Amino acid sequence: MLLLIPIVLAIVMGGIALLVRMKASKKPASLKKIILPPIFMSTGFLMFLYEPTRPASLQIAEALAVGMIFSIFLIATSKFEIRDGQIFLQRSKAFMFILMGLLIIRVAFRAFLGKDINPEELSGMFFLLAYGMILPWRISMYFSYRKIEKQLHNSGGPTVISTNREPAPYK
């Protein structure tokens, strides 16, 4: 039963991630939308204040390395395009399959490693794996976005300048 709950939660989270990604591709991308997820996710490092969640140094390196390897697949499927003078994240059919594959691999790792590593420590490792995956992916997205933003600007596309101030009234 203890093994089943994380599997179900992982499937639900994967489904939510897929829906969020599909919904996000319908709206223009922005640097804020690219940069903020790893920053918000970094609050998860507070879990390591609780000693049982701290993996050993080798486990930290392994989790981060596996996350970085997984990020290659996400980087490969995250491309931007210019539509209607704005930058959008392209929809990728491969992204769904990659996300599902990563989910299956994660569940398999949890089943395999769950016998030898306590659940708290394993949670810390999976957090590091996820962070090791999202950070390189988002860094890559940042540089891709800036590159296509430069193309948009150089092509004479519309420049949108947004301010929160209303114009001063005429006197």
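Start at Arg110: this residue is buried, with a relative accessible area of 11%. The cut-off for buried is under 20%. The model is predicted, so treat each stop as a computed result.

**Stop 1: Arg110 and its partner across the sequence**

Keep Arg110 selected. The residue sits in helix H4. Now add Ile7. The two are 103 residues apart along the chain, yet their C-alpha atoms are separated by 8.4 Å. Arg110 will come back when you reach the contact between H4 and H5.

**Stop 2: the whole chain**

Zoom out and colour by secondary structure. Five helices and two strands make up the protein chain's secondary structure. Follow the chain from its start and the order reads α-α-α-β-β-α-α. Switch to a surface view. About 11,700 Å² of the protein chain is exposed, and carbon and sulfur atoms supply 69% of that area. Of the 171 residues in the protein chain, 31% are buried. Next, think about contacts with a separation of 6 or more. In the protein chain, 81% of these join residues 24 or more positions apart.

**Stop 3: H4 against H5**

Select helix H4, residues 93–113, together with H5. Their axes come within 11 Å and cross at roughly 155 degrees. Angles over 145 degrees count as roughly antiparallel, so H4 is roughly antiparallel to H5. The crossing of H4 past H5 is right-handed. Show side chains on the H4 face: Phe95, Leu102, Arg106, Phe109, Arg110 and Leu113. On H5, show Leu122, Ser123, Phe126, Met133 and Trp137, which meet them. By class, the residues of this H4–H5 contact are eight nonpolar, one polar and two charged.

**Stop 4: H2 against H5**

Hide H4 and bring up helix H2, residues 31–41. Which way does H2 run relative to H5, roughly parallel or roughly antiparallel? Look at the axes: H2 and H5 come within 9 Å and cross at roughly 160 degrees. That angle makes H2 roughly antiparallel to H5. The H2–H5 crossing is left-handed. From H2, pick Leu31, Lys33, Ile34, Ile35, Pro37, Pro38 and Met41. The H5 side of this contact is Phe127, Ala130, Tyr131, Ile134, Leu135, Arg138, Met141, Tyr142, Tyr145 and Arg146. Colour the contact of H2 with H5 by class: 14 residues are nonpolar, no residues are polar and three are charged.

**Stop 5: H3 against H5**

Swap H2 for helix H3, residues 57–77, and keep H5, residues 119–154. How far apart are the axes of H3 and H5? They lie 7 Å apart, and the helices pack at an angle of about 40 degrees. H3 and H5 are therefore oblique to each other. H3 makes a right-handed crossing with H5. Select the H3 residues in the contact: Gln59, Ile60, Ala63, Leu64, Val66, Gly67, Met68, Phe70, Ser71, Leu74 and Ile75. They meet Glu121, Met125, Leu128, Leu129, Gly132, Met133, Pro136, Trp137 and Ser140 of H5. The residues of the contact of H3 with H5 comprise 14 nonpolar, five polar and one charged. Met133 and Trp137 belong to this H5 list and also appear in the contact with H4.

**Stop 6: Ile60**

Stay on H3 and centre on Ile60, which lies in this helix. Its relative accessible area is 30%, so Ile60 is partly exposed. Leaving aside residues up to four places away in sequence, Ile60 touches Pro55 and Leu128. Now select Phe126, 66 residues from Ile60 along the chain. The C-alpha atoms of Ile60 and Phe126 are separated by 9.6 Å.

**Stop 7: Asp84 between the strands**

Move to the strands. Asp84 is in the loop between strand S1 (80–83) and strand S2 (86–89). Is Asp84 buried or exposed? With a relative accessible area of 76%, Asp84 is exposed. Check the backbone too. Phi of Asp84 is near 55 degrees, a positive value in a residue other than glycine.

**Stop 8: Glu149 and Ile87**

Finish on Glu149, placed in helix H5. Its relative accessibility is 29%, so Glu149 counts as partly exposed. Add Ile87 to the selection. Glu149 and Ile87 are 62 residues apart along the chain, and their C-alpha atoms are separated by 7.3 Å.

Notes: Residues numbered from 1 in each chain as written. Predicted model: local features only at pLDDT ≥ 70, side-chain atom pairs only at ≥ 80, totals over all residues. Heavy atoms only, no water. Helix = DSSP H or I, 4+ residues; strand = E, 2+ residues; numbered from the N terminus. Buried < 20%, exposed > 50% of the residue type's maximum accessible area, 1.4 Å probe, protein only. Contact = heavy atoms within 4.5 Å. Areas by Shrake-Rupley, 256 points an atom, 1.4 Å probe, with all protein chains shown as cover. Axes fitted to C-alpha atoms, helices over the stretch in contact; angles between N-to-C directions. Parallel < 35°, antiparallel > 145°, perpendicular 65-115°, else oblique. Left-handed = near helix turned anticlockwise from the far one by under 90°. Nonpolar A, V, L, I, M, F, W, Y, C, P; charged D, E, K, R; others polar.
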